[in-house]
Amino acid sequence: MPAVSHCLSPHVAMPQHGCERLVWRAPCRSLVRVRPVAWTCSCRATVYELCIGGGRAFLRRTVQLDGAPHIQETTPVSIAEAQATWTALLSGHAC
C-alpha cells in the first residue's frame with residue numbers, strides 16, 4: 001500500500017546534473033496586480049510560486065527564515081515561458 005502524504009502541493013525535485021540556473025533578484029514590483037496560480041508545498045523551508053499578472057509571469061522564491069521571510073523573483077517573461085520554467089523547476093531541470 002502506498003504511503004499517504006499530507007502534502008497537497010507539489011515538491012521541487014532534486015536538481016538534475018546540468019540543470020538550468022535561474023537568476024533570482026529582489027522583487028521589482030513592476031507588475032501592479034499579480035496573483036500566484038501555482039505553488040509548492042509549504043512544509044519545506046523554501047516555497048516557490050508561479051505568479052501571473054498583466055500578461056506576464058515570473059517565479060517567486062520565499063525562504064522561510066526564523067525572522068522575516070526572504071523573497072526573490074525571476075524577471076517577468078511571457079506566461080508560456082514562465083510555465084515552462086515552472087515545469088523545469090518542479091522536475092529538477094531548473095534550479
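The residues lining the largest pocket of this predicted model split into 6 nonpolar, 3 polar and 3 charged. The pocket itself holds about 150 Å³ of space. Strand 3 (56-63) and helix 1 (79-91) are the elements that each give two or more residues to this lining. Helix 1 makes the largest contribution, with 3 residues. The full cast of the lining is Glu20, Arg21, Leu22, Val23, Phe58, Leu59, Thr74, Thr75, Val77, Glu81, Ala82 and Thr85.

One of these lining residues, Thr74, is worth a closer look. Thr74 sits in the loop between strand 4 (70-73) and strand 5 (77-78). Being in a loop doesn't leave Thr74 out in the open here: its relative accessible area is 14%, so Thr74 is buried. Leaving out residues up to four places away in sequence, Thr74 touches Val23, Trp24, Phe58 and Leu59. Of those partners, Val23, Phe58 and Leu59 also appear in the pocket lining. Leu22 is another lining residue, and it sits 52 residues from Thr74 in sequence, yet the two C-alpha atoms are just 7.3 Å apart in space.

The loop between strand 4 and strand 5 also holds Pro76. With a relative accessible area of 16%, Pro76 falls under the 20% cut-off and is therefore buried too. Ser30, Leu31, Arg56, Ala57 and Phe58 are what Pro76 touches once residues up to four places away in sequence are set aside. For one of these, Arg56, there's a distance to go with the contact: 20 residues separate Arg56 from Pro76 along the chain, and their C-alpha atoms are 5.9 Å apart. Phe58, then, is touched by Thr74 as well as by Pro76.

Moving on to the strands, Thr62 is part of strand 3. Its relative accessibility is 15%, so Thr62 counts as buried. Beyond its neighbours within four places in sequence, Thr62 is in contact with Ala45, Thr46, Val47, Pro69, His70 and Ile71. Val47 belongs to the stretch 46-53, which is strand 2, and Ile71 to the stretch 70-73, which is strand 4.

Strand 2 (residues 46-53) is home to Glu49. This is a charged residue, but Glu49 still counts as buried, because its relative accessibility is 18%. Who keeps Glu49 company, apart from its neighbours within four places in sequence? The contacts of Glu49 are Pro36, Ala38, Trp39, Phe58, Leu59, Arg60 and Trp86. Phe58 and Leu59 turn up yet again, this time next to a residue of strand 2.

Now for the whole chain. The protein has 1 helix and 5 strands, and reading along the sequence gives the pattern β-β-β-β-β-α. Along its principal axes, the C-alpha trace spans about 45 × 35 × 25 Å. The radius of gyration is 14 Å, which agrees with the value near 12 Å that a compact globule of 95 residues would have.

Buried residues account for 34% of the 95 residues, and Glu49, Thr62, Thr74 and Pro76 are among them. The accessible surface adds up to about 6400 Å², with 57% of it belonging to carbon and sulfur atoms. Among contacts with a separation of 6 or more, 52% link residues 24 or more positions apart.

Methods: Residues are numbered from 1 along each chain as its sequence is written. This is a predicted model: local features need pLDDT of at least 70, side-chain atom pairs count only at pLDDT 80 or more; totals for chains, interfaces and linings use all residues. Side-chain values use heavy atoms; hydrogens and water are left out. Helices (H or I, at least four residues) and strands (E, at least two) are DSSP runs, numbered from the N terminus. Buried means under 20% relative accessible area, exposed over 50%, partly exposed in between (1.4 Å probe, protein chains only). Contact means heavy atoms within 4.5 Å. On a 1 Å grid over the protein atoms alone, a cavity is a set of points where a 1.4 Å probe fits but cannot get out, and a pocket is an open set with protein on both sides within 12 Å along at least five of seven lines; lining residues have an atom within 4 Å of a point. Grid points are joined across faces, edges and corners, and a volume is the space filled by probe spheres set on the points. The radius of gyration is taken over C-alpha atoms; the globule rule is 2.2 Å times the number of residues to the power 0.38. Accessible areas come from the Shrake-Rupley method with a 1.4 Å probe; for residues, only the protein chains shown count as cover.
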